[in-house]
Amino acid sequence: MPAEPAATGRLSFVTLQQFLDQLPPLLKMLHDGDSGGQLLRWVEPSELEDPTPYLPEGEFLLTAGLPFLGEGGSPAKVDAYVRRLVGAKVAALGFGIRPYFDAVPDVVVDACRRHNLTLFEVPESLPFAAIGLEFSQLLETDNARVFRQLAETNRQLMRAVLSPKPEHELLAALVQRVPVWAVMVGADGRVRARGTNAGGSTAVELSLLEPMLERLLSGRGPRVEMDGFDQPGSALVVGHPLRSTRDANLGALILGSDVPLTPAQNNVVQSVVGLLELLVRQRTSGSLAPSQLATAVLLHPESLVTGGTKHLNGLKDLLAQSLSSTRSAPMRVVQGIKVEAPDWPAGDSPVRELLQWRRMFDSKLVEITDYGFAAVTRLKVDDALLADVEKLGWRLVIGEPTELTALPAAYQRATSLRSQVQRSGNSVRADEVSWSVTGLLGREAGTLLAERLLRPVLALEPDRRDPLLAVLRGWLSENGSWDGSAKLLGLHRNSVRRQIGVLGDLLQMDLNQAQVRAELWIALQYADGLNAGAD
């Protein structure tokens, strides 16, 4: 196997030397044309007098010497043959021993030395087919490694985009993977971010880059500007414009290196250029609807109530654009609570969370809150979407459909249900909730209230407890009327009065107070379950 790439993880390719390292030590180098670092495209045997029309650049050509038999072995013919190979940028020539020659002819060795073509003697024990098979296996292995590196690089670039300082992190990831220094410049010509490569090479002075920047920021369409400077790491300087969707120049990315980049490295550069363009577009010329909507509502909140039809329709249009919807489509408020871990995960970025919810709810109107998040969405939030959210450890309050002017009230209704979700650990749909005190309170909280308020009575024996609870329920249902409750319970009014007095003493409460009566009435709705548990 070829040597693994350096610790920086830069993307590499198969060179002639890497291939030779894989072969058995049977090849004998007769002349070193200093092509060990050359990119090797393929290994091809050919016995044609002139194989160059069929050879790609960077070929390792193998021959058994058939072209050099007879007149083809004359110095002039051999010289022309080797000269053609060099002109076709062949990486090396392998000369096979037997069946035609017992040794590489001196005239071939002299021609290769004269034209500086790397020459090997291939012994009879090493078939050409074995050499070709070894190269194809090496190429497949190297390609797989390059693809793995590209996949890891793309993951690193996406993490950089979601970081708090995406431009800086993108350039840091770029110079880690590609041997360049990098400078990002805004449309005003000022440096916005820098990246220094592992070799320590830094960007040239900005004043030297001004001619390139002027061309980049004044030109049109996709293009690349090139220059070079007599400074370490700057022999080759390349500039890429960052453009808006309407081809306005929003900035530039300038890279410097001492050597041309490989195709895989250029792939990384193009990915970074694309991501930087998206970031700059989002910041400068992305969707303007959310910011216009926020500005209008912040500066004129009363306009939601008092604004004229034209103004409200304008706000509805902005809202629809923010929700990827139409003006007439209903929307709903959604609140998310992370029940498994109330705090943000250590080291996680709120930006990542924000983008996640924007994607899942197809809405730009999302805020990160102290309890989790809140969003306005046009989606119905069906069971499939709810299940996806709950798999992440979150629970939702899903508001009912509403309109623009009713959004604040819808948010308040969703907020009133949040404590129920926090207590129960279950998501809640507002349109399925019974909008009563008991419905909003929930069984868990209601049972706790009953246990606390009615504890002295619930602790009694059933034959005393149950009659007292029945009297209390009947008396409260008749609004404290002695005659009404006596008739309802089938007791004398004095018996009702006496037992209510006993209850007041046991509970240590003033049953004449309306608030006390209200709290006891709510608690009684959940007392039956406690009675069953006690019995």
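1. Helix α12 is followed by Gly393, a residue whose phi is positive, near 90°. This note takes that glycine as its starting point and should be read with the caution that the model is a predicted one.

2. Within α12 itself, which spans residues 383-391, the buried residues are Leu385, Leu386 and Val389. Seen down the axis of α12, these buried residues fall within an arc of 100°, so they line one face of the helix. An α-helix has 3.6 residues a turn, so residues three or four places apart point the same way. On the other side of α12, the residues Asp383 and Lys391 are exposed.

3. The sheet is open and is formed by five strands in the order β12-β13-β11-β14-β15, with mixed pairing. Its edges are occupied by β12 (366-368) and β15 (428-429), each of which has a single partner strand, so one side of each is left without a neighbour in the sheet. Helix α12 packs on this sheet, where it touches β14 and β15, and the direction of the helix makes about 140° with that of β14. Helix α13, residues 407-424, also packs on the sheet and touches β11, β12, β13, β14 and β15, its direction making about 25° with that of β11.

4. Strand β11 (residues 332-338) deserves a paragraph of its own. Seven of its seven residues are buried, so the strand is largely enclosed by the rest of the structure. Arg332, Val334, Gly336 and Lys338 point one way from β11, whereas Val333, Gln335 and Ile337 point the other way, and all of these residues are buried; a reader checking the model may wish to note that Arg332 and Lys338 are included in that buried set.

5. Turning to the pairing of β11, strand β13 (residues 372-377) is joined to β11 by six bridges, and the two strands run antiparallel. Within this pair, Val333 has Val376 of β13 as its bridge partner.

6. Strand β14 (residues 394-398) is joined to β11 by five bridges, and this pair likewise runs antiparallel. Two residues of β11 can be placed against β14 individually: Lys338 stands opposite Trp394, while Gly336 stands opposite Leu396. Lys338 and Gly336 are among the residues that point one way from β11, and β14, the strand they face in this pairing, is also one of the strands touched by α12.

How values were computed. Residues are numbered from 1 along each chain as its sequence is written. This is a predicted model: local features need pLDDT of at least 70, side-chain atom pairs count only at pLDDT 80 or more; totals for chains, interfaces and linings use all residues. Side-chain values use heavy atoms; hydrogens and water are left out. Buried means under 20% relative accessible area, exposed over 50%, partly exposed in between (1.4 Å probe, protein chains only). Helices (H or I, at least four residues) and strands (E, at least two) are DSSP runs, numbered from the N terminus. The arc is that of the directions from the helix axis to the C-beta atoms. Two strands pair if DSSP finds at least two bridges between them. Contact means heavy atoms within 4.5 Å. Axes are lines fitted to C-alpha atoms, for helices over the stretch in contact, and angles run from 0 to 180 degrees between N-to-C directions.
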